[in-house]
Structures are given as C-alpha cells and as structure tokens.
Amino acid sequence: MTSKELADRTVQALKEAYPDTVCTLDYDEAWKLLVSVRLAAQCTDARVNVVVRDLFAVYPTVRDLAAAPVEEIEKIVRPCGLGHGKARDIHACMGVLRDQYGGKVPDRFEELLALPGVGRKSANLVMGDVFGKPAIVTDTHCIRLSNRIGLVHNVREPAKVEKALWQLIPPEESNQFCHRMVDHGRAVCTARTHPACDRCVLADFCEKNGVDE
C-alpha cells in the first residue's frame, strides 16, 4: 500500500467513525480561539474552557484584554500553567489586533503567524476552524498517530509532520482530519495506556508502529 492509499483509507475510516468532529476549545469569536489555543499549550482543553470563561467575563473584548495589565491576566490564566509567558503573549497579541487590524483577526496565514505567541499549529487551527480554509494542525495526537499509523516514520517535529501530511491529505479533508485524529487519539489510540487495537477502525491497515503486540 502506498502512503497516499494509506492516507486515503485513514481519512475515510476516521470520517465514518467521527462524523461530527469539532474543535474542543469553546469560542464564539476568532480572537477568543487565539487566546484559548495559546492557553492550551501543555494544558487540557477542558481546563482552558473553564479558565477562559472567567477571563472573558472580566475582559470581554480585544481592546479590554489589550489594555489589561499582564499581571492581572496572569492571575486568571495561572491554572493553565506557564502563566506569565501566556499572559504576556495574549496581551501582546491583543495589542497587535487592536492597533493593526482594528480588533479583527487576519485571515492570511503569514499574518497570523506573525502575531505574538502564535505558532504554526495555532495559525492552522484558526485558518481551518474560523475561516474554513485547508489546514493541518499538528498537535501531539496528530504527530503520535501519524507515526503509529505509518503516514510518517520517526518524524516528531510538528513542521515536518505538517509538510508530509500536506502531501497526503486532500485539502478539503485536512482540517476535519486533524480533529478526528485528536478524537481517535483520546478515545482509542491512547498515549498513556495500551492502544485499543481490538476496537480500532484503522486496525486492518495501521502499521502499529511502536505498539507492543
């Protein structure tokens, strides 16, 4: 089986298994997703969703958050870990949105990537979920499963996995594919326990790299 055939089968199987996949970060405005995805680094989405409710209650607009003291932001976001760095980046990012974009989130990848605290994963998430454009979000689940399935081999760098998946995943499937990889990584092909290969929809063709039989 070629890498492309493996990718096509993976896309279809995950599509059937998780037809209604969505981003697990709660947001109703693009800038809020930018804030949440920054807080999600080394933190669960569930915890982020709780913390941002308090954050957005105090600072409900881009301008409010841009004007807030970093120390006050840090007090609220501290439960997400790495509080000072995240608060600093959020404050700076909102300042750029306020001063350069009129409070709006840009819809060009390069402009997103230039925002403080925004990396390729965050920029791709916004491009896909907010603007409906092709996007490859290489979070830890996507990287781990891509190696285990055999879409890549011994590639751990997010940018390299992203580049490889762009060659394999149809653009129109890319954004939802990555969400489905997260769903599957949490429900079946887990990291902290032995993967449940006996109930995996990919079992017939997955290479099972790194899985002890």
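This dialogue covers the empty spaces in a predicted model and one helix crossing.

Visitor: What should I know about the model first, and which atoms enter the side-chain values?

Guide: This is a predicted model in which local features need pLDDT of at least 70 and side-chain atom pairs count only at pLDDT 80 or more, while totals for chains, interfaces and linings use all residues. Residues are numbered from 1 along each chain as its sequence is written, and side-chain values use heavy atoms, with hydrogens and water left out.

Visitor: How many cavities of 30 Å³ or more are there?

Guide: Rolling a probe the size of a water molecule over the atoms shows where empty space is left. On a 1 Å grid over the protein atoms alone, a cavity is a set of points where a 1.4 Å probe fits but cannot get out, whereas a pocket is an open set with protein on both sides within 12 Å along at least five of seven lines, and lining residues have an atom within 4 Å of a point. Points are joined across faces, edges and corners, and a volume is the space filled by probe spheres set on them. Here the count is two cavities, the largest with a volume of about 60 Å³ and the second largest with about 50 Å³.

Visitor: Which residues line the second largest cavity?

Guide: Its lining consists of L34, V35, R38, D89, I90, C93, M94, P116, G117 and V118. Helices are DSSP runs (H or I, at least four residues), numbered from the N terminus, and helix 6 gives the most to this lining, with four residues.

Visitor: And what is the volume of the largest pocket?

Guide: The largest pocket has a volume of about 870 Å³, and of the 33 residues that line it, D45, D139, T140, H141 and R186 are the closest to its centre. Helix 11 gives the most to the lining of this pocket, with six residues.

Visitor: At what angle do helix 5 and helix 6 cross?

Guide: Axes are lines fitted to C-alpha atoms, for helices over the stretch in contact, and angles run from 0 to 180 degrees between N-to-C directions. The axes of helix 5 (residues 70–77) and helix 6 come within 8 Å and cross at roughly 125°. Angles under 35 degrees count as roughly parallel, over 145 as roughly antiparallel, 65 to 115 as roughly perpendicular and the rest as oblique, and therefore helix 5 and helix 6 are oblique to each other. Their contact (heavy atoms within 4.5 Å) is made by V70, I73, E74 and V77 of helix 5 with G83, H84, A87, R88 and H91 of helix 6.

How values were computed: Helices (H or I, at least four residues) and strands (E, at least two) are DSSP runs, numbered from the N terminus.
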